[in-house]
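Please open the structure in your viewer and keep the selection panel at hand. The tour begins with the relation between two chains and then turns to their contact and to a single chain.

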There are 4 protein chains.
Amino acid sequence: MVIVMRKDATEAQINHLVAKLKEKGLSAHVSKGTERTIVGAIGDERILQAVPLAAFPGVEKSMQILQPFKLVSRDFKAEPTVVQVGPAKIGGRHFGMIAGPCAIESEEQLITAARKVKALGANLLRGGAFKPRSSPYAFQGLGEEGLKLLAQAGKETGLPVVTEVMNVNQVDMVGQYADMLQIGARNMQNFDLLRAVGEVKKPILLKRGLSATIKEWLMSAEYILSQGNYEVVLCERGIRTFETYTRNTLDLAAVPAAKELSHLPVVVDPSHATGRRSLIAPMARAALAAGADGLTIEVHPHPEDALCDGDQSLHPEEFEQVINDIKPMLPLFGKTI
Amino acid sequence: MVIVMRKDATEAQINHLVAKLKEKGLSAHVSKGTERTIVGAIGDERILQAVPLAAFPGVEKSMQILQPFKLVSRDFKAEPTVVQVGPAKIGGRHFGMIAGPCAIESEEQLITAARKVKALGANLLRGGAFKPRSSPYAFQGLGEEGLKLLAQAGKETGLPVVTEVMNVNQVDMVGQYADMLQIGARNMQNFDLLRAVGEVKKPILLKRGLSATIKEWLMSAEYILSQGNYEVVLCERGIRTFETYTRNTLDLAAVPAAKELSHLPVVVDPSHATGRRSLIAPMARAALAAGADGLTIEVHPHPEDALCDGDQSLHPEEFEQVINDIKPMLPLFGKTI
Amino acid sequence: MVIVMRKDATEAQINHLVAKLKEKGLSAHVSKGTERTIVGAIGDERILQAVPLAAFPGVEKSMQILQPFKLVSRDFKAEPTVVQVGPAKIGGRHFGMIAGPCAIESEEQLITAARKVKALGANLLRGGAFKPRSSPYAFQGLGEEGLKLLAQAGKETGLPVVTEVMNVNQVDMVGQYADMLQIGARNMQNFDLLRAVGEVKKPILLKRGLSATIKEWLMSAEYILSQGNYEVVLCERGIRTFETYTRNTLDLAAVPAAKELSHLPVVVDPSHATGRRSLIAPMARAALAAGADGLTIEVHPHPEDALCDGDQSLHPEEFEQVINDIKPMLPLFGKTI
Amino acid sequence: MVIVMRKDATEAQINHLVAKLKEKGLSAHVSKGTERTIVGAIGDERILQAVPLAAFPGVEKSMQILQPFKLVSRDFKAEPTVVQVGPAKIGGRHFGMIAGPCAIESEEQLITAARKVKALGANLLRGGAFKPRSSPYAFQGLGEEGLKLLAQAGKETGLPVVTEVMNVNQVDMVGQYADMLQIGARNMQNFDLLRAVGEVKKPILLKRGLSATIKEWLMSAEYILSQGNYEVVLCERGIRTFETYTRNTLDLAAVPAAKELSHLPVVVDPSHATGRRSLIAPMARAALAAGADGLTIEVHPHPEDALCDGDQSLHPEEFEQVINDIKPMLPLFGKTI
């Protein structure tokens, strides 16, 4: 930590700060420049983060030297993590192609979707039983009934299944049916939920929050790893910006950025990121080219009738086009589905 | 709902859409302009919102006519809501001055803070027992022990107390100790939690999410009201933008905006909004001038030693300055603490 | 400047960096911590800013110690600057109330507006002759003809006039008619234009860019001061965020922030910031309470017929309400119009 | 245009609006729904855009039906535009690979860079003679001397050259030396400059503004086309968001979005978008996969010594890696350099 003193900071203020740092078990290095005095605090980073340095008289600002995360860091583990979900793998050479409807609506809808995406080349099935909806009057999902349908569709097609868990009380129940648990964007900083899925022996798909920085996203992953669950896949799904033509702004640079900072695999959700069917295929291709370890795409047998996100759900034929676009690119990037 | 067809939309596509709307129980009004055909869908707004109109062939875009919220709307209730929290009132002529430490750290810290803010004119006491922290290694709050200290400090000073509830499992417990439950910014779209506090007979302080629009914020309030709890106070606490000088960007226009859309009272949190002690007093004054129904301000007896948000916590003397600034302004805005 | 080396930086890389810094005339201070080596570069800040430190092998990041601006800084001049525009003053105890139509449309429209705002208490008249419009097909202003009308209206009412200059070629011409030159938000980083108005002996009203940080705004002011023109008034007019209910997001914390960083006066434009007539009065009050040195407000005799920004132009009676709100607040903040 | 009346709008207010629309030569269609009355205004879109509908009593909001642009629209011209710059083409099957230093610094620096990028496969040379710098104390470019060096390097290597023009006075001069004129991001809404380059017989590279929506970007292109210059290439270079790890956020979805709205070619600048050397190669690949018609990349013989943007300039060997990544992808996307 580097602490910059105000131009008019007094000797007493500098001494007071240094004394406090020492009291916390840190050593301090004072450097007087031509315009500002700088104090370098040396020692355990965690202690430093807890000290409200700007609250000290005479302090102008403090600047962190190290990243705030540890277990998720490339410094901690240099080789890329490969996450196993049933028979599928995500990370390293393994490309995860997650597909399925936004919400589980009925047995027929789900099994139709599952068979289609399986036939076209998906290796994981998605579908929501608990749906976070901005309106209390919108369809909220089938709940446990939906989970049963999902587990059944997974069994029938041989696809491992991933579904969202919305609160700490659902973790056990969802864990009984699903092969992978998804933390939605709106829950990325639901820290109790992160801790709860950190105690589960299931891989986690952690979506980036709408307004989360890359570092905050990695800190949320750190919550999960710090509880002992190292099977985390990050998912970039667009951030909120001023642009309104797309539902969100897909931040594809976050893929190589997260991968240079962390060993965890990163997949991309072009459906939520764009909210427009016409943009999903190009963004799926771009995600692979940017180095993504997989995709998650919403596919519905009849988007017009979808109870959730029909506007951005692909027809199976449109999904086939995405697959056809992706397949010849995979070898260029050393990936296989 | 107004649906704009693509320039090249066929007669068959228009008919298909109209048929679907009728099937959903809506009537349709087709208007052919010089450049585009427009379909007006007339009927119950909730049905309309569930139809993925952009998924229909030939549709260019759809545009909503009505606001998506109902119970929180000024259309539904024209007079401003006044929320009673113990002896204090927020809304209408009543200005709520909520103050106290970010986190409850010890009996001494809390009771010192409570006595100070009471003496200076606060009419509600705040303090966190469960703290949402972006790092798993940061102080996470004292939990139920903290709630007990809070209830005790409230009793001793006569101040009603407000504290954050982070997950559905804590709602009952927190409700036993607190007079008002706070939903934090990161949980503004934790819909299960919103539903849970909607079933409680306690007033709720609903913070705006970091990247939530005013309408999404009101929709989250709608979740609570739709469960039967009408005692909701909205809290603007800054949104996330590109500006880094301040911790967040305080969106003060959201105060009169929320108040023209909704009957609910709106308070402002200048501490989290700015993250800088020097900016809290001017933003507190500006909030009142913008029409806010109250303020929530972090005050700590010794900010340097704070375990959470010390950088933005006011010394009691600094809080006194805020109060001194605010008091002569109150009559101009028809408010009393 | 503090330079943080990568964890795996070699001795040779550190030496190479240090040698380069010395070559540039700076001295270097190397500090080896437990996890990172840090190099402090000591010397003239301007030289440091020009060195692409992240381009050096082994460098992780560099962090600036000082603000990049100088002449606009409070460090350079501690007392607040008061800018004189004809008989009016802005800054210190002097509150500037700038009002008038968005665009000058006709002699009658302008003189009607000018008389009204003068009668109601404005002390400067605004009106655009050159209008930056996002559409090439929109009304672009009356040009020099408009400037003549403006000068005439100023003469007749005794109000000094402020108007926008859009390109370097217009600076001389606009300077012949106007008492104060406005740099619009879209031109805040039109550096040639900034330099050009820096050479003029007229006060400048510098609007903040839609996506400019406070520091970039001050850097643009620095351009003007660096050419010898110290008569600059900053104008906060809303920044672009994800919120769509308002045209922009008024960043009122930028007012005390700019004033603690700089000695220049700061005024607020609630018309462009909100784009909604109903929000202009509360934001005008809030601006004053936040410490603003003035306001600029669009007033049109008949907003329905306005050729530009009619949606956000106040009727004279609405402007009267703003004035009536503001007047009793002025003494509380030590200001007079 | 669809105009939604307030719930409490009176018959007189509706009639007043309808009368005004008719006065403007538009016809009006009034539709009374269960909750709101809607007025459809039918006629020439340009007239509609100039009417400040929200200024009318009783109006809640108005919603546009058509895009505001015309000449740049796919509706106007369905086939993709191919822009010819000297021997190079951009658009359709033709991929433009623009490379060179941020700023022209010396004859040796420029010719070294030019020869390298030519040898590696670039087909256009870039280099700035007039540099928009946020600090008045930073290197501002060599001016006309730089333009001469650029023209000379272009001649020697056979590469057409592109360089930025910063103000209306420079347009003629820059046009004498350059094959393509660049409008920088900060000038995207410098409307006088757009008009000026619209009158030139040279292709234009129009960068997207930092906070410009896709539609505003297209409207700026419309300015140029409306003056008779149809040779415009759009350039996505990142937008400003809350994320600070990257210099800007590269909005790659804007590439297929702009291409579905417009016939103009779109290239991508991963250098400014990311500001980090490590992210340029993945984003270059992703841009191609998203459908971009070209790239513009900063390459400097010695980034450490660069006077501008050295942090994000590639070494020639790094640029070679980008080219090697791109080449095998081109056939998959039907493109050739």
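Begin by selecting chain A and chain C of this predicted model. Chain C is superposed on chain A by a rotation of 180° with 0.0 Å of shift along the axis, and the RMSD is 0.0 Å. This is therefore the relation of a two-fold axis.

To locate that axis, select F242(C) next. Among the residues of chain C, F242(C) comes closest to the rotation axis, with its C-alpha at 2.1 Å.

Now select the contact between the two chains. How many residues does each chain bring to the contact? Chain A contributes 19 residues, and chain C contributes 19 residues. On the side of chain C that touches chain A, at least two residues come from each of β1 (2-5), β2 (27-32) and β3 (37-42) of chain C. Which element gives the most to this side of chain C? It is β3(C), with three residues. Colour this side of chain C by residue type: eight residues are nonpolar, six are polar and five are charged.

Compare the two sides of the interface. Of the interface residues of chain C, 100% are also interface residues in chain A, so the copies meet through the same surface.

Finally, display chain A alone. Chain A contains eleven helices and 14 strands. Its C-alpha atoms fill a box of roughly 75 × 40 × 35 Å along the principal axes. Of the 337 residues in chain A, 59% are buried. Among the contacts in chain A with a separation of 6 or more, 66% join residues 24 or more positions apart.

Notes. Residues are numbered from 1 along each chain as its sequence is written. Chains are lettered from A and ligands numbered from 1 in the order in which they are written. This is a predicted model: local features need pLDDT of at least 70, side-chain atom pairs count only at pLDDT 80 or more; totals for chains, interfaces and linings use all residues. Helices (H or I, at least four residues) and strands (E, at least two) are DSSP runs, numbered from the N terminus. A residue is buried if 20 or more other C-beta atoms lie within 10 Å of its own, exposed if 12 or fewer, and partly exposed in between; C-beta atoms are placed from the backbone. Two residues are in contact if their C-beta atoms, placed from the backbone, lie within 7 Å. Ala, Val, Leu, Ile, Met, Phe, Trp, Tyr, Cys and Pro count as nonpolar, Asp, Glu, Lys and Arg as charged, and the others, Gly among them, as polar. Copies are superposed by least squares on the C-alpha atoms of residues with pLDDT of at least 70 in both.
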